[in-house]
Amino acid sequence: MKVKSLKFLSIILCVSLIFSGCGSMNNTTKGGVIGGGSGAAIGAIIGHLVSGKSDKGKGMLIGAAIGTAVGTGTGVLIGNRMDKAAEAAAAVENATVETVTDANNLTAVKVTFDSGVLFATNKYNLNASAKKNLEDFANVLMTYSDADVAIFGHTDSTGSDAINDPLSVNRATSVADYLKSLGVTDSQIKSVEGYGSKEPVADNSTEEGRAQNRRVEIYMYASEAMIKAANEGTLK
């Protein structure tokens, strides 16, 4: 067996042992384990286990560039804060909330809105009910203003990339612009991107699957300020 294969199996074994009793863990406990982790590769695997499904690698793309190791105590405090943020987000109508892991192996919150709830077919203008949902969600973001935000738009595979790619960008931008109009700051929203139909989460050959693929994902993750506060033991 090649050395690379042995290393990979070792990582899988370590993660399995760490999470063998994780069924009852909340994000505070997971944050402690993840915050004491030893690298982005392990963090990515842990992220998939925490979220319950593959997150297409986006967890590796979000996270403040801190350049130093994040200690276990820091992970616990951030996990606790993200527990509270996830609970608040889950109270927003039509929001699907999951926990994932960011590039620093820290707990982050993923909130998904079905595009059918937000927009009419092939449109990117927010409808009235969508605005109410986003008003409630904006309050969550402003309460947790020390969390950075990334917004990603997605479509199903119907139509061409020439249509889907700009549509996904425009939908993500519409969400970002409306959140800003409600008081969420420019500095909190770090990324607004569209992926077209390139990252499906369900089977595009069925209507149900296509509906799941038409979505806007919003990630809340630890900012540099949150990590600094956690490192100093002042994060609540």
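Q: What share of the contacts with a separation of 6 or more joins residues 24 or more positions apart in this chain?
A: In this predicted model, 76% of the contacts with a separation of 6 or more are between residues 24 or more positions apart. A contact here requires heavy atoms within 4.5 Å.

Q: What makes the pattern of the chain a mixture of α and β elements?
A: The chain holds nine helices and five strands. Read along the sequence, these elements follow the pattern α-α-α-α-β-β-α-α-β-α-β-α-β-α.

Q: Why are β1 and β4 said to stand at the edges of the sheet?
A: The five strands form an open sheet in the order β1-β2-β5-β3-β4, with mixed pairing. β1 (95–101) and β4 (189–194) each have a single partner strand, so one side of each lacks a neighbour in the sheet. From one strand to the next, the twist averages 20 degrees.

Q: How do you know that β1 and β2 are paired?
A: Pairing requires at least two bridges between the strands. β1 and β2 (residues 107–114) have seven bridges, in the antiparallel sense, and the criterion is therefore met. Within this pair, Thr-96 has Thr-112 of β2 as its bridge partner. The two strands form a hairpin with five residues between them, and Asn-105 in the turn has a positive phi of about 65 degrees.

Q: Why is β1 described as largely enclosed?
A: A residue is buried if its relative accessible area is under 20%. Five of the seven residues of β1 are buried, so the strand is largely enclosed by the rest of the structure. For the chain of 236 residues, 46% count as buried.

Q: What makes β3 and β5 a strand pair?
A: Again, at least two bridges are required. β3 (residues 147–154) and β5 (residues 215–222) pair over eight bridges in the antiparallel sense, so the requirement is satisfied. The bridge partner of Ala-150 in β5 is Tyr-219.

Q: How do you know that the span of α7 is close to the expected value?
A: The 21 residues of α7 reach 30 Å from the first C-alpha to the last, and the span expected at 1.5 Å a residue is 30 Å. After α7 comes Gly-183, with a positive phi near 120 degrees.

Q: What covers the buried residues of α7?
A: The cover includes α5 (115–118), α6 (128–143), β3, β4 and β5. Among the buried residues of α7 are Leu-167, Arg-171, Val-175 and Leu-179. Helix α7 (residues 161–181) lies across β3, β4 and β5, running at about 155 degrees to β4.

Technical notes. Residues numbered from 1 in each chain as written. Predicted model: local features only at pLDDT ≥ 70, side-chain atom pairs only at ≥ 80, totals over all residues. Heavy atoms only, no water. Helix = DSSP H or I, 4+ residues; strand = E, 2+ residues; numbered from the N terminus. Axes fitted to C-alpha atoms, helices over the stretch in contact; angles between N-to-C directions. Buried < 20%, exposed > 50% of the residue type's maximum accessible area, 1.4 Å probe, protein only. Expected span 1.5 Å × (residues − 1).
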